[in-house]
Amino acid sequence: MTAQPDSGYSNKLVLIADDMRLNREILGKMVEQLGIPVAFAKDGLETVELYKELEPSLVLMDINMPGQDGIEATRKIKALAGERFVPVIFVSGAEGQDVIRQAIDAGGDDYIQRPFPFELLEGKIVALLRISHLYSQVAHLNRLRAREEEVAEQLFSGAVLSSNVALDQIRIHKQAAETFSGDVQLSAFRPNGDLNVLLGDFTGHGLTSTVGALPLSETFRAMTAKGYDAEEIIVQINRKLNSLLPTGMFLATGLVTLGQDGSAKIWNGGLPDIMIVSEGKVSARVASNHPPLGILKSVSDLHFEHHKVEAEDHILLQSDGVVEAENEQGDMFGEARLLKTIGEQVFEKDTNLVDLILSALSLFVGDHPQKDDISLIDIPGKVVVNNKQDKTVVTGAKPAVLEPSELDIWNWSIELQGKSLARINPVAQALSRLQESEGNGEHWHNVFSVLTELYVNALDHGVLKLESSLKSTPEGFAEYFTERERRLEALTSGTVSLYLQHTRMLNGGRLIVQIEDSGEGFDYESWCLQNTTQETNMFSGRGIALVKELCESVRYDNGGSKVEIIYSYSTD
């Protein structure tokens with residue numbers, strides 16, 4: 001197997017290192033017979049310097065040389081080569097397993113003991129140059145793939161993450177273990193200004209872990225924009241992922257709905273505990289109480305926790321890559337260090353909880369590569385919509401009325417009975433109907449707030465007979481929603497109907513809404529007299545006042561169990 005000078009190796013270079021001139025000359029002639037140019041070094045120091053200058057394709061290295069031996073020179077060459085594969089063949093008369101082991105441990109790729117036939121050296125050089133060539137091809141393909149993944153990640157992030165809202169107030173950190181991250185962070189405002197924030201952690205990491213991210217984000221944003229409750233969003237996301245994801249792949253999910261009234265509605269399905277941090281202490285934790293999404297064909301009995309939060313509080317969501325991050329010794333960062341990091345800090349108004357945790361995590365991990373994606377989301381207790389406290393569209397001004405022949409009117413209605421009251425959100429359906437028929441607009445934010453207040457009043461107080469006064473304290477606030485879930489689950493009777501009539505005007509529109517429940521009603525006039533002189537609590541008693549403020553007129557009938565409002569809006 002003698003290679004010819006034109007065998008394709010003329011662009012290669014072999015560096016021969018030996019302190020004996022005769023050995024260098026013999027090896028040189030052998031290599032030149034293969035058509036490969038050679039260079040010579042007489043000790044380890046010169047070998048390293050020539051490697052830097054010439055960047056040879058292969059090195060033939062003696063072990064025992066003056067100044068710096070071949071073992072040390074090989075270590076330095078391998079360090080200089082980095083990701084480039086430069087084969088080193090030790091050629092020596094030294095015997096014994098210890099010598100061979102030292103040579104291989106230093107980075108040597110093969111060992112030939114003198115004396116040896118030419119064919120043995122030829123076979124090893126040809127084989128290692130072939131491997132080196134394949135290594136270069138693989139490295140080139142990996143660079144191309146990495147570049148393509150970087151471009152795809154930029155496009156992917158633009159499609160999935162660019163529509164996130166309130167990024168000037170929410171702190172989001174995503175650190176991928178590979179180019180692509182299997183973690184997804186989403187935020188969107190509901191029509192009434194409530195904020196939905198979702199953290200999802202797909203199985204694994206890298207490109208394959210992102211297959212569900214686009215349908216996840218599309219479902220989350222579309223349903224949030226239409227005003228669907230968090231429960232309905234989770235049900236639909238699960239349904240979509242279950243039909244889409246391959247077996248063994250799923251999504252650990254945390255979802256927070258932060259209300260403009262300071263309420264936090266939290267659900268956890270497979271993530272580490274979601275924490276509420278108050279004044280440097282974890283005041284509440286929401287543990288995972290449901291399997292990750294995408295495993296079951298359908299989900300039910302979704303248990304949300306309800307908490308009161310102050311503007312200075314923080315709601316912290318994290319992927320398991322945070323507490324499972326390892327240092328060089330293989331120790332995990334762990335929850336104890338996370339809690340210690342939170343507890344040691346003095347919280348100011350603008351404290352950035354994510355940066356505090358990342359600083360501690362960086363000190364712990366050092367340069368050790370991470371095995372999993374790391375995600376953190378810090379939601380402040382108060383988020384302002386578009387940095388404006390008031391998104392209210394001016395109401396009360398009546399659009400110009402058209403001639404009867406030009407009137408454009410349509411009606412829509414729905415009636416829920418019994419168990420359907422626990423399953424169906426008619427407000428989101430009504431808003432979706434309005435948007436589909438009349439287009440999008442800021443005025444629908446007010447309509448959503450009005451519909452939500454009226455429907456919740458009808459369901460909670462009319463059908464379920466819950467008392468708003470129970471929400472006057474933080475403890476009562478949580479108790480209220482616990483009792484609400486219990487009564488909804490046991491509900492077997494009761495009705496709520498919702499009727500819409502929309503009239504298109506020349507410069508806007510007019511909406512008549514009627515909501516009626518099967519409850520006993522309430523004394524609306526007495527309520528008005530009481531609440532004109534009393535300050536309403538932050539968590540109760542605000543609904544009717546808000547409706548009156550936004551609407552052109554509000555009228556209660558049937559002893560308070562039926563309400564009709566008129567809402568006019570302008571599109572100018």
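**Close-up views of a predicted model**

**View 1. A side chain reaches a backbone nitrogen.** A polar atom of the side chain of Asn 164 sits 2.9 Å from the backbone nitrogen of Ser 187. As with everything shown in these legends, this comes from a predicted model. To find Asn 164, look in the loop that links helix H5 (118–161) with strand S6 (171–175). Is Asn 164 buried or exposed? With a relative accessibility of 11%, Asn 164 counts as buried, because the cut-off for buried is under 20%. Leaving aside residues up to four places away in sequence, Asn 164 touches Ile 172, Gln 185, Leu 186, Ser 187 and Arg 221. Ser 187 thus appears twice in this view, as a residue that Asn 164 touches and as the owner of the backbone nitrogen.

**View 2. Helices H2 and H3 pack together.** Here helix H2 (residues 44–54) meets helix H3 (residues 70–81) at an angle of about 15°, and their axes are 9 Å apart. That angle makes H2 roughly parallel to H3, because angles under 35 degrees count as such. The crossing of these two helices, H2 and H3, is right-handed. On the H2 side, the contact is made by Gly 44, Thr 47, Val 48, Tyr 51 and Lys 52. H3 brings Ala 73, Lys 76, Ile 77, Leu 80 and Ala 81 to the contact. Sorted by character, the residues where H2 and H3 touch are six nonpolar, two polar and two charged.

**View 3. Helices H6 and H7 run in opposing directions.** Now turn to helix H6 (residues 213–225) and helix H7 (residues 230–244), which pack at an angle of about 155° with their axes 10 Å apart. H6 and H7 are therefore roughly antiparallel to each other, because angles over 145 degrees count that way. H6 passes H7 in a crossing that is right-handed. From H6, the residues in the contact are Pro 215, Leu 216, Thr 219, Phe 220, Met 223 and Thr 224. Their counterparts on H7 are Glu 232, Ile 233, Gln 236, Ile 237, Lys 240 and Leu 244. The contact of H6 with H7 is made up of seven nonpolar, three polar and two charged residues.

**View 4. The chain around the close-ups.** Stepping back, you can place these views in a chain with 16 helices and 20 strands. Of its 572 residues, 49% are buried. How many of the contacts between residues at least 6 apart in sequence join residues at least 24 apart? For this chain, the share is 69%.

Definitions and conventions: Residues are numbered from 1 along each chain as its sequence is written. This is a predicted model: local features need pLDDT of at least 70, side-chain atom pairs count only at pLDDT 80 or more; totals for chains, interfaces and linings use all residues. Side-chain values use heavy atoms; hydrogens and water are left out. Helices (H or I, at least four residues) and strands (E, at least two) are DSSP runs, numbered from the N terminus. Buried means under 20% relative accessible area, exposed over 50%, partly exposed in between (1.4 Å probe, protein chains only). A polar contact is a pair of N or O atoms within 3.5 Å; within protein, one must be able to donate a hydrogen and the other to accept it, and residues adjacent in sequence count only if both atoms are side-chain atoms. Contact means heavy atoms within 4.5 Å. Axes are lines fitted to C-alpha atoms, for helices over the stretch in contact, and angles run from 0 to 180 degrees between N-to-C directions. Angles under 35 degrees count as roughly parallel, over 145 as roughly antiparallel, 65 to 115 as roughly perpendicular and the rest as oblique. A crossing is left-handed if the near helix is turned anticlockwise from the far one by less than a right angle, and right-handed if clockwise. Ala, Val, Leu, Ile, Met, Phe, Trp, Tyr, Cys and Pro count as nonpolar, Asp, Glu, Lys and Arg as charged, and the others, Gly among them, as polar.
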